[in-house]
Amino acid sequence: MDAEGFKVVCRGLADTEAVAAIVAGRARPGDAILLDGKLAAGKTHFVKALVAAFGSTDAVTSPTYAIAHFYATGIGRVLHIDAYRLSGPAEFRDLGFDGYFADVITVVEWGRIVAEEFADHLAIDLDFTDGADTVRTLAFAAVGERWAPEMATLQARIAERLA
Ligand SMILES: Nc1ncnc2c1ncn2[C@@H]1O[C@H](COP(=O)(O)OP(=O)(O)OP(=O)(O)O)[C@@H](O)[C@H]1O
Ligand SMILES: [Mg+2]
């Protein structure tokens, strides 16, 4: 079941980074965060900011060709997946990443392609916003039970930061 979502407007990279840091503050091993949005909407930049906020110095790069990268962070490993080149959930399942899900924080670019593999996840859609090429609208939705109780806190902390 989808909990009620919310949208925020990021008026530059610094805003997007601040939002990612707030999400990082609520995340823990076992979580899944699925990112969507057109090419260059800012998915990889969001992951960079998230991983940095976990206290990692690992370089975050797009795993478009490798499909997945792992990063070491202060709260455990982050599994960064790019589903862009995957045909769907069946191909994803064949790659066998599910053995990691319980122990890592999984972040997926083009997450919608594999969303049915993550019963519980935070979905974040990044979209371009008319008028300025550094403005992005981020739409948050909780799918399943894990993130639903976090939504009010997330929304309040983000609103406070972006005010
Ligand atoms: N407010 C913003 N939030 C995020 N990125 C921004 C913002 N403003 C400008 N950008 C720029 O948009 C680009 C986003 O690139 P990024 O690689 O993160 O996109 P992506 O969604 O991962 O693309 P792809 O679909 O190719 O994986 C970067 O060049 C970044 O500097
Ligand atoms: Mg990317």
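Student: How does Thr-44 count, as buried or exposed?

Tutor: Thr-44 counts as buried, because its relative accessibility is 17% and the cut-off for burial is under 20%. Keep in mind that this is a predicted model.

Student: Which protein atoms are donors to the magnesium ion, ligand 2?

Tutor: Thr-44 gives its OG1 and Glu-109 gives an OE. Both lie 2.1 Å from the magnesium ion. Next, look at where they sit in the chain. Thr-44 belongs to helix H2, while Glu-109 is in strand S5 (residues 105–109). These two donors are 65 residues apart, so the pair links distant parts of the chain.

Student: And Glu-109: buried or exposed?

Tutor: Glu-109 counts as buried, because its relative accessibility is 3%.

Student: Now the sheet. What holds strands together in general?

Tutor: Strands of a sheet pair through backbone hydrogen bonds, in a parallel or an antiparallel sense. Here, 7 strands form an open sheet with mixed pairing. Read across it in this order: S1-S7-S6-S2-S5-S4-S3.

Student: Which strands are at the edges?

Tutor: S1 and strand S3 (68–73). Each of them pairs on one side only. On average, neighbouring strands of this sheet are turned by 20° against each other, direction ignored.

Student: How do S6 and S7 pair, parallel or antiparallel?

Tutor: They are antiparallel, with 8 bridges. To find the register, take Asp-125: Ala-139 in S7 stands opposite.

Student: What about S2: how many bridges join it to S5?

Tutor: 4 bridges, and the two strands run parallel. S2 also pairs with S6, again in the parallel sense and over 4 bridges. Ile-33 shows both pairings. Its bridge partner in S5 is Val-107. Its bridge partner in S6 is Leu-122.

Student: How many residues of S2 are buried?

Tutor: 5 of 5, so the strand is mostly covered by the criterion used here, under 20% relative accessible area. Split the strand by face. Ala-32, Leu-34 and Asp-36 are on one side, and Ile-33 and Leu-35 are on the other. Both faces are covered.

Student: On to helices. What is the general idea for reading which way residues point?

Tutor: An α-helix has 3.6 residues a turn, so residues three or four places apart point the same way. Now try H1. Its buried residues are Asp-15, Thr-16, Ala-18, Val-19, Ala-20, Ile-22, Val-23 and Ala-24.

Student: What do the buried residues of H1 pack against?

Tutor: Several elements. The strands are S1 (6–10), S2 (32–36), S6 (121–128) and S7 (136–143). The helices are H2 (43–53) and H4 (151–162).

Student: What span should H1 have?

Tutor: Use 1.5 Å a residue. For the 14 residues of H1 (residues 13–26), the expected span is 20 Å. The end C-alpha atoms are 21 Å apart, which agrees.

Student: Which strands does H4 lie across?

Tutor: S1, S6 and S7. Relative to S1, H4 runs at about 25°.

Student: Last topic. How many salt bridges does a search of the whole structure find?

Tutor: 6. One of them joins the side chains of Glu-150 and Arg-26, at 2.7 Å from N to O. This pair links distant parts of the chain: Glu-150 is in the loop between S7 and H4, and Arg-26 is in helix H1, 124 residues apart. Glu-150 counts as buried, because its relative accessibility is 10%. Arg-26, at 25%, counts as partly exposed.

Student: Where do Asp-31 and Arg-146 sit?

Tutor: Asp-31 is in the loop between H1 and S2, and Arg-146 is in the loop between S7 and H4. They are 115 residues apart. Their side chains meet in a salt bridge, also listed at 2.7 Å, N to O. Asp-31 is buried, with a relative accessible area of 4%. Arg-146 is buried too, at 13%.

Student: Which residues are linked in a network of salt bridges?

Tutor: Arg-26, Asp-31, Arg-146 and Glu-150.

Student: And how does Lys-38 count, buried or exposed?

Tutor: Lys-38 counts as exposed, because its relative accessibility is 54%. Its side chain meets that of Asp-127 in a salt bridge of 3.8 Å, N to O. Lys-38 lies in the loop between S2 and H2, and Asp-127 lies in strand S6, 89 residues apart. Asp-127 is partly exposed, with a relative accessible area of 36%.

How values were computed:
Residues numbered from 1 in each chain as written. Chains lettered and ligands numbered in written order. Predicted model: local features only at pLDDT ≥ 70, side-chain atom pairs only at ≥ 80, totals over all residues. Heavy atoms only, no water. Expected span 1.5 Å × (residues − 1). Buried < 20%, exposed > 50% of the residue type's maximum accessible area, 1.4 Å probe, protein only. Contact = heavy atoms within 4.5 Å. Pairing = 2+ DSSP bridges. Axes fitted to C-alpha atoms, helices over the stretch in contact; angles between N-to-C directions. Donors = N, O, S within 2.8 Å, 3.2 Å for Na, K, Ca; no water. Salt bridge = Lys/Arg side-chain N within 4 Å of Asp/Glu carboxyl O.
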